[in-house]
Amino acid sequence: MNERKIKLSGAEAVKEFVNKAEQCDFDVDIFYNRFVIDAKSILGVLSMDLDKVLTVKYGGRNPEFENVLEKYAAC
């Protein structure tokens, strides 16, 4: 299981992230505190507190998805 920290700033970032997550043939989840959301659900991701750093856990490899994770990587 791979894990990355990201920060999504706004609806366009969420849309891009979810679109790439949907293309993955493996599970992608977002975690914040005790909340776990399916990253392939745009409503689920929009329901998260986007002011916070989010943890993404995913169980496979997809170069396009990993590029998006790098783009929104939290410092």
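Isoleucine 30 has valine 56 of β4 as its bridge partner. That pairing is a good way into this predicted model, since it belongs to the contact between two strands of the sheet: β2 (residues 28-32) and β4 (residues 54-58) run antiparallel and are joined by four bridges. Valine 56 has a neighbour in another strand as well, for arginine 4 stands opposite this residue of β4. The pairing behind that second match is between β1 and β4, antiparallel again, with five bridges.

Put together, these strands belong to an open sheet of four, ordered β1-β4-β2-β3 and paired in the antiparallel sense. The edges are formed by β1 (2-6) and β3 (35-38), each of which pairs on one side only. On average, neighbouring strands of the sheet are turned by 25° against each other, with direction ignored. Helix α3, residues 63-71, packs on the sheet and touches β1, β2 and β4, while its direction makes about 165° with that of β4.

How much of β4 is buried? Four of its five residues are, which leaves the strand mostly covered. As background for reading the strands, side chains in a regular strand alternate between the two faces of the sheet.

## Salt bridges

Five salt bridges are present in the structure. Three of them are set out here, with the separation of the N and O atoms.

| Salt bridge | N to O distance |
|---|---|
| Lysine 57 and glutamate 3 | 3.7 Å |
| Arginine 4 and glutamate 70 | 2.8 Å |
| Glutamate 64 and lysine 20 | 3.1 Å |

Where do lysine 57 and glutamate 3 sit in the chain? Lysine 57 is in strand β4 and glutamate 3 in strand β1, so the pair links distant parts of the chain, 54 residues apart. Lysine 57 counts as partly exposed because its relative accessibility is 28%. Glutamate 3 is also described as partly exposed, here with a relative accessible area of 46%.

The bridge between arginine 4 and glutamate 70 ties a strand to a helix: arginine 4 lies in β1 and glutamate 70 in α3, 66 residues apart in the chain. With a relative accessible area of 23%, arginine 4 is partly exposed. This is the arginine that stands opposite valine 56 in β4.

Glutamate 64 and lysine 20 bring two helices into the picture. Glutamate 64 belongs to helix α3 and lysine 20 to helix α1 (residues 11-22), with their positions 44 residues apart in the chain. Glutamate 64 has 43% relative accessibility and therefore counts as partly exposed. Lysine 20, at a relative accessible area of 22%, is partly exposed; the band for that label starts at 20%, below which a residue is called buried.

## A covered leucine and an uncovered one

Is leucine 8 buried or exposed? Its relative accessibility is 0%, so leucine 8 counts as buried. This residue is found in the loop between β1 and α1. Leaving out residues up to four places away in sequence, leucine 8 touches Ala13, Val14, Phe17, Val45, Leu50 and Tyr72. Glycine 44 offers a distance to compare with sequence spacing: leucine 8 and glycine 44 are 36 residues apart along the chain and 13 Å apart in space, C-alpha to C-alpha.

Leucine 43 gives the opposite picture. This leucine is found in helix α2 (residues 42-46), and it counts as exposed because its relative accessibility is 67%. Leucine 43 also helps to make a nonpolar surface patch of about 290 Å², together with Ile42 and Leu46.

## A loop residue with positive phi

One backbone angle may interest you too. Which value does phi of asparagine 33 take? It is near 55°, a positive value in a residue other than glycine. Asparagine 33 lies in the loop between β2 and β3, and its relative accessible area of 62% is why asparagine 33 is classed as exposed.

Terms used:
Residues are numbered from 1 along each chain as its sequence is written. This is a predicted model: local features need pLDDT of at least 70, side-chain atom pairs count only at pLDDT 80 or more; totals for chains, interfaces and linings use all residues. Side-chain values use heavy atoms; hydrogens and water are left out. Two strands pair if DSSP finds at least two bridges between them. Axes are lines fitted to C-alpha atoms, for helices over the stretch in contact, and angles run from 0 to 180 degrees between N-to-C directions. Contact means heavy atoms within 4.5 Å. Patches are made of residues with over 30% relative accessible area and no salt bridge: like charges are joined within 9 Å, nonpolar side chains (Val, Leu, Ile, Met, Phe, Trp, Tyr) within 5 Å. Accessible areas come from the Shrake-Rupley method with a 1.4 Å probe; for residues, only the protein chains shown count as cover. A salt bridge is a side-chain nitrogen of Lys or Arg within 4 Å of a carboxyl oxygen of Asp or Glu. Buried means under 20% relative accessible area, exposed over 50%, partly exposed in between (1.4 Å probe, protein chains only).
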